[in-house]
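Here are some exercises for getting to know a structure you haven't met before. Have a look at it, then try each task before reading its solution.

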Amino acid sequence: MAREMTGAQMVVEALIDQGVEHIFGYPGGAALPIYDEIFQQDKVQHILVRHEQAAGHAAEGYARSTGKVGVVLVTSGPGATNMVTPLTDALMDSVPLVCISAQVPTHLIGTDAFQECDTVGITRPCTKHNFLVKRIEDLAGVLHEAFRIARSGRPGPVVVDVPKDIQFKTGIYENLKGAVRTSYRPRLEGDERAIRHAVALMASAKKPVIYSGGGVVNSGPRACELLRELASLTGFPLTSTLTGLGAYPASGKAWLGMLGMHGTYEANLAMHGCDVMVGIGVRFDDRITGRTDAFSPNSKKIHIDIDASSFNKNIRVDVPILGDVAHVLETMIRIWKEVVPKPDAAAIAPWWKQVNAWRAKKSLRYQKSADVIMPQYAIERLYQLTKERNTYITTEVGQHQMWAAQHYGFEKPNHWMTSGGLGTMGYGFPSAIGVQTAHRDALVVCVAGDASIQMNIQELSTAVQHDLPVKVMILNNQYMGMVRQWQQLLHGNRLSHSYNDAMPDFVKLAEAYGAMGLRAQRPAELDDAIEAMIASTKPVIFDCRVASMANCLPMIPSGKAHNEILLPDDVADEDIGDVIDAEGKQLV
Amino acid sequence: MPLPGESHSAYFYQETVKTIERHTLAVIVDNEPGVLARVIGLFSGRGYNIETLTVSETEHEKHLSRITIVTTGTPAIIQQIKLQLGRLIPVHRIVDLTLAGAILERELALVKVRGKGEPRVEALQLAEAFNARVMDATTESFVFEITGKSDKLDQFISLMVPLGLVEVSRTGVAAIGRGPEGL
Ligand SMILES: Cc1ncc(C[n+]2csc(CCOP(=O)(O)OP(=O)(O)O)c2C)c(N)n1
Ligand SMILES: [Mg+2]
């Protein structure tokens, strides 16, 4: 039903019509008319952050854990520029966001007005699309189109920049949810001929592997079910990228662990040695492929993706299939059942034997200690003590992120949020706040590093204000561990600015904000501390003191092939500096 | 440090076989503010080449513009360029005219030449030979208008250099397929 209202009212009305229950934001002059409307209703709940970047990451966590579009509201100028990092993060990891930014009044645009910036210009390369609304007649249509673009096809962030005079103007609002304003119509169904071709390759494979990614999670729960069905029907081993974890359960028979730079030996060698690779919702980025000219040299590659530009971008593939993962897998499974009524397990038995031999290397092994908490052990304990609950894990960026990916067993999709493509320190804590906003009763744990957590530590105040009892478990090694690891490996052990000096007392810091602070120094204290963290009804900062010099292995130094992977047995934490020769050091 | 191309690092790795091709793309876009910036930003952000680019509204009622881009790159890069253009929301269609077969390509240039006596006469004679038209004349200068393929324009302009070339303004390439079919 069309009604007359102001632009600011239209913004809120469109959010309600889109079913938005929560938004993350921060006010300012140009956004005040919208904030005034937010104040006068109670359908859309606003979570006030302490820095706009955190609003963006919170919306990302919200989106990834619900499958809905995350929504952000910021003011013009600095409010908008503070969104550049989360928008880029969301673009890289295909997270659906709508960011409504206020802008100076239209007649001031271009005059260097107070808090003016060229928001559409600045965010053009870091959004899927953006709009500057200069006419009230366009506002309703643009708002609803922004949601459609953000969530359909390969999801991504969309900015709608709304000048202040447009927020005051009155016009006719219509619920245009579902209307199509631009020519954007992503194709969902895969080409059946290509799928048949793929199935024929798969049916004849002797050394197959499924390489699954974040696109499966993005496609939705149905896609994840179909992935599991495909793995069990074919009996193929399966590995996943960092962002795809949980689409296939870590307890599943086909599971090889994560692949890539810090992936398992079996996953990387299976990728290297396979004869048929089935890439599903993946993009063959450099952290996965390593040295591209030595990447899986003898395989036929099938690639399912909704973004045609992913095909042949980094790695030449043999059978590209354009479409939505769930749609394509539906068809693929139907054709597989038709072509292979009785799977021949014997055909790939030798391959499994080989894979199991690689597995026996136990590449995630680490030196246990009774005196210091090994970071890997901390994650193992966290997993054991939280696996029976509905637990969501987010991470910051660094070694702790990789250890969480390696040692936590992800059984379900949408329960794991990490900054993959952009690798944004400061992502994990606000992201956890977003997750907790959507899942009030769930356990939400941010596995953090002592450096990363300080990038958005101010959000403790947000968590306390909004009663969001997120748990931050800092694997405190006193270092920017991942940076130090590279310096040890590649820069002659000169630890340039990677020691975290002048660290705050995290327990006191938590208490200063009205949250709970905990600390564990020794393995014997670990379980109690984790239990206390879980039991708390408040936000918690858990300062978990871990071995300071532990390194994250296995590792394929960038520029190396998958079969040149470094294993824990090859590199003790002390002499990691000697592992790569002088020539190799220049390659990374 | 190894030079780009010599190393095996994923960061330096470059394709070894380099057949550089020149393609003319017709890109049909919504005629809206910022659309050209999106296209140009994509080329600069991803390191693609633009040889020439022309843009103008072609279908007023539908608010559609046509951008004609001449670009160069390996076949893989050209393919990426088309697929990346396809990701832009206001882009309706991308037609690779070079792949589509027989095409007409034309460019227009305005060429100012200054001189007296012998060089001036020679410039005028060459202009006639190239079918260039005199658009403006003074006792010591000409402005010629010349239309044709880009290499014909290049040739004409280089001939004008010793005869007193002062200034050139070129439109960039407009292109269309031969025969009765439209895009
Ligand atoms: C915003 C940002 N700045 C810099 C980096 C580069 N970087 C990657 S990991 C890392 C160190 C992280 O240290 P910490 O949070 O303590 O984690 P640890 O590796 O010690 O587990 C840095 C600086 C980054 N990823 N993001
Ligand atoms: Mg650290």
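The exercises below go through two sheets, a ligand site and some backbone details.

Before you start: this is a predicted model, in which local features need pLDDT of at least 70 and side-chain atom pairs count only at pLDDT 80 or more, while totals for chains, interfaces and linings use all residues. Residues are numbered from 1 along each chain as its sequence is written, chains are lettered from A and ligands numbered from 1 in the order in which they are written, and side-chain values use heavy atoms, with hydrogens and water left out.

**Exercise 1. Work out the order of the 6 strands in the open parallel sheet of chain A, and say which ones stand at the edges.**

Step 1: get the vocabulary straight. Helices (H or I, at least four residues) and strands (E, at least two) are DSSP runs, numbered from the N terminus. Two strands pair if DSSP finds at least two bridges between them.

Step 2: read across the sheet in chain A, and you get S3-S2-S4-S5-S7-S6.

Step 3: check the ends. Strand S3 (45-48) and strand S6 (129-132) of chain A each have a single partner strand, so one side of each has no neighbour in the sheet. On average, neighbouring strands here are turned by 20° against each other, direction ignored. (Axes are lines fitted to C-alpha atoms, for helices over the stretch in contact, and angles run from 0 to 180 degrees between N-to-C directions.)

Step 4: zoom in on one pair. Strand S5 (97-103) and strand S7 (157-163) of chain A run parallel and are joined by 7 bridges. Val98(A) has Val158(A) as its bridge partner in S7(A).

Step 5: add a helix. Helix H3 (52-66) of chain A lies across S2, S4 and S5 of that chain, at about 165° to S4(A).

**Exercise 2. Describe what surrounds ligand 1.**

Step 1: count the shell. There are 18 residues around ligand 1, and Gln399(A), His400(A), Gly423(A), Ser452(A) and Gly481(A) are the closest. To be near, a residue needs a heavy atom within 4 Å.

Step 2: find where they come from. Helix H17 (399-407) and helix H20 (481-490) of chain A each supply at least two shell residues, and H20(A) gives the largest share, 3 residues.

Step 3: look for polar contacts (pairs of N or O atoms within 3.5 Å). Oxygen atoms of ligand 1 lie 2.7 Å from a backbone N or O atom of Gly481(A), 3.0 Å from one of Ala451(A), and 3.0 Å from a side-chain N or O atom of Asn477(A).

**Exercise 3. Find the unusual backbone spots at Pro554(A) and Gln478(A).**

Step 1: recall the background. Most residues other than glycine have a negative phi, and most peptide bonds are trans.

Step 2: look at the peptide bond between Leu553(A) and Pro554(A), which is cis, with omega about -5°. Pro554(A) sits in the loop between strand S20 (540-545) and helix H23 (582-585) of chain A.

Step 3: turn to Gln478(A), which isn't a glycine but has a positive phi of about 65°. Gln478(A) is in the loop between strand S18 (471-476) and H20 of chain A.

**Exercise 4. Which strands of chain B form its 4-stranded open sheet, and how do helices pack on it?**

Step 1: the order is S2-S3-S1-S4 in chain B, with antiparallel pairing. Strand S2 (52-59) and strand S4 (91-96) of chain B are the edges, each with a single partner strand, so one side of each is left without a neighbour. The twist averages 20° from one strand to the next.

Step 2: strand S1 (21-30) of chain B pairs with S4(B) over 5 bridges, and Ala26(B) has Val95(B) as its bridge partner in S4(B).

Step 3: helix H1 (35-45) of chain B touches S1, S2 and S3 of that chain (contact means heavy atoms within 4.5 Å), and makes about 10° with S3(B). Helix H2 (75-87) of chain B touches S1, S3 and S4 of chain B, at about 5° to S1(B).

Conventions: A polar contact is a pair of N or O atoms within 3.5 Å; within protein, one must be able to donate a hydrogen and the other to accept it, and residues adjacent in sequence count only if both atoms are side-chain atoms.
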